[in-house]
Amino acid sequence: MKEQVNEEIYPTESKINNCKLCLEQDDNLISTNHYCNTCEIYLCEEHVKLHQRSNKTKNHNILLKNINNYYCNIHLNQKLIIFCKDCNKLICPLCGYLIEHFNHCKQLLDQEFIFEQVKYLQNINDKLQKLKINLENKFNENEELNLNFKNNFKEIENNLNLNFEEIYLKLNERKEFLQKQINKVYNERLNLINENKNNLLEKINNLNNFLNLTNNLQKQNEIDIMFTKLKFENIFNENINDNLINNLNKINNFEIEFNKNKLIENINEFGNINDFKINLKLSEIFNFKNYFYLNEKIQLILQLKNDFGNLIIKNKYKINAFITNKENYKISNLDIYFDKEKGNYILEFKCLQHFGNKCYLNIFIENELFFVKQFQIIYQNNLDFNLIDKINLDKFNCQYCWDIKLNNDFIFITDYNNCRILIIDKFTKNLNKIISTKSNPRCLCLDNFTIFVTCNDHCIYKYNYLNGNELQKIENKSLNNILGITIDNNYIYVCDANHHQIKMLEKESGNLLDEIGTRGYQPLQFNYPYGIIFDNDLNQLYVTEDNHRIQIIKENKSISQFGKFGKEIEEFNNPRGITIDKNHLFVCDRSNNRIQVFNKKGKFIKNFENKLNRP
């Protein structure tokens, strides 16, 4: 049971009870468990004795409250022995008659119910123990991972330094080698330059000598001039040529070549960090259901988390999503955009005719398939819900409508708080008749001009709705907290909630003929059966119960059951009222605020959720 922090339902022993007279007279806080039920005050032992000696108070009812019992803070002498399922809290028997609890589903804290709660809590405790062990193991794994990571980091750092020290040594060796090569070439070329220098000086001297001869030609005779000419040609041919200049250029043609870019490229590629990616996970896809309606516009909200559970709120991943049919052919892409304010990816699409009946949503992140799930397209052409009218029951002073049935002419409503059945004209919406009941009416069914109704006194009443007369009262000690009722040609079937059974009675006499089912979760077992309807065409019963499912009973055997707890299609949260037509089954899914429609085999057809409040 969920614990409620509510002053109204907390036991009086949860706080210290002090003697009121001590507090008023001496301002002393004297704790006590004695309680005067007549004066409605707590008294210490001394004031209890004075209270019992006084003529005015000696006959008062003094209670010694057991610290292990829980009492109501409204009705102080009443124990909290009832659990209100609708409010999810403990109440006393008198609180059960207050207006806020009067029509609620209540359960006495008997041994069977407490055993069920203890079993439930033990089951939860076992799961929590397993969860605790699992979390502790994961914590230890995380600590070990943390230590290994730090050691690994230090090893990587040392490896980085060693590798670059080795490269630095190699570069220095290469630098020294190149320096020696440069010095060698330099010395060789310098010697060659000096040699050429000497050569050039010698030639210059020779030329100077020859120029002296040519400058004295006028003083020479013809023969000397001819000899000078021959000598000049020889000197010119020997000394004036391009080879000397070319040799000088070759000497100067000396450089060192570095393939620096390639080396830098290799250095940049030297040392790769193998940063293994932290896996992405789909945190949640909001608004996705296993069914959508034709032409419905769908907006899905996608959240991403990493392995550490951190929500990723930056738009740094490539998201791709599309719809495929059952043959795995792509039939539609989704529009995707990123909501910067909330850090969510928004996926939008519209259910179109060519999608077919069954489709698959595929979501890829960074070209990796992250999510694929089937959904169904519901076609609404054959069955449409439209609000055609509504009746305001306030004008009839109807305080609590428990059940409703109708025939061709009238609407029949059980007005629980006012102990009556309202009969309203189906077409004019005017009140036709009121039938007063001897106890608070609950569920009803119709058989020609007869109304069968279950009441709060554990009895079944039959009324003639034409004149309002009571025809029969069916009373049986085996009936306890009866709810839904239905009939066939010969029998009455009624939901006995406290016995977790379907009771079968003879239609005319009301004699008990059979008890169907036991308490539990297996086929032909029930947990507070509530609604029931008999299908004359298929000769079978449909039953709603607090196991959040529908059971189909035929010839006192469970032939099928469908549904489980949840809010998707074919899931229920407290199914209550149930009825049928020729082809369909209608179920009031109370806490999901909707009516679910199925075929008679339990296959889902449609939901109706138009502003319903706990139908």
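**Exercise 1. A covered strand and its partners**

Task: In this predicted model, which residues of S36 point one way, which point the other way, and are they buried or exposed?

Solution. Begin with the side-chain directions: His584, Phe586 and Cys588 point one way from S36, while Leu585, Val587 and Asp589 point the other way, and all are buried. Next, look at the strand as a whole. S36 spans residues 584–589 and is mostly covered, with 6 of its 6 residues buried. The cut-off behind that word is a relative accessible area under 20%.

Now find the partners. Strand S35 (residues 575–580) runs antiparallel to S36 and is joined to it by 4 bridges. In this pairing, Pro575 stands opposite Asp589. S35 and S36 form a hairpin, with 3 residues between them.

Then turn to strand S37 (residues 594–599), which pairs with S36 in the antiparallel sense over 6 bridges. Here Leu585 has Phe598 of S37 as its bridge partner. S36 and S37 also form a hairpin, this time with 4 residues between them, and Asn593 in the turn has a positive phi of about 55 degrees.

**Exercise 2. A polar side chain inside**

Task: Is Gln551 buried or exposed, and what does its side chain reach?

Solution. First, place the residue: Gln551 is found in strand S33 (residues 549–554). Second, check its exposure. Gln551 has a relative accessible area of 0%, so it counts as buried. Third, follow the side chain, which reaches the backbone nitrogen of Leu524 at 3.0 Å. Finally, add the side-chain partner: Gln551 and Ser558 are joined by a polar contact of 2.9 Å between their side chains.

**Exercise 3. Two open sheets**

Task: In what order do the 5 strands of the mixed sheet lie, and which strands stand at its edges?

Solution. Start with the order, S8-S16-S15-S11-S12, in an open sheet with mixed pairing. Strand S8 (291–293) and strand S12 (330–333) each have a single partner strand and stand at the edges, so one side of each lacks a neighbour in the sheet. From one strand to the next, the twist averages 35 degrees. Within the sheet, S15 (residues 358–365) and S16 (residues 368–378) run antiparallel and are joined by 8 bridges. One pair to locate is Asn362 with its bridge partner Val372 in S16.

Task: Which strands stand at the edges of the open sheet S5-S4-S6?

Solution. This sheet has 3 strands with antiparallel pairing. Its edges are strand S5 (89–91) and strand S6 (106–108); each has a single partner strand, so one side of each is left without a neighbour in the sheet. Neighbouring strands are turned by 35 degrees against each other on average, direction ignored. To see one pairing up close, take strand S4 (residues 82–84), which is joined to the antiparallel S6 by 3 bridges. Ile82 has Leu108 in S6 as its bridge partner.

**Exercise 4. The second largest pocket**

Task: What is the volume of the second largest pocket, and which residues of its lining are closest to its centre?

Solution. The volume is about 1300 Å³. There are 30 lining residues, and the closest to the centre are Glu116, Gln117, Tyr120, Asn527 and His548. Now sort the lining by origin: helix H3 (residues 111–215) gives the largest share, 9 residues. Last, sort the lining by character, which gives 9 nonpolar, 10 polar and 11 charged residues.

How values were computed: Residues numbered from 1 in each chain as written. Predicted model: local features only at pLDDT ≥ 70, side-chain atom pairs only at ≥ 80, totals over all residues. Heavy atoms only, no water. Pairing = 2+ DSSP bridges. Axes fitted to C-alpha atoms, helices over the stretch in contact; angles between N-to-C directions. 1 Å grid on protein atoms, 1.4 Å probe; cavity = no way out; pocket = protein on both sides within 12 Å on 5 of 7 lines; lining within 4 Å. Points joined across faces, edges and corners; volume = space filled by probe spheres on them. Nonpolar A, V, L, I, M, F, W, Y, C, P; charged D, E, K, R; others polar. Buried < 20%, exposed > 50% of the residue type's maximum accessible area, 1.4 Å probe, protein only. Polar contact = N/O pair within 3.5 Å; in protein donor to acceptor, adjacent residues only side chain to side chain.
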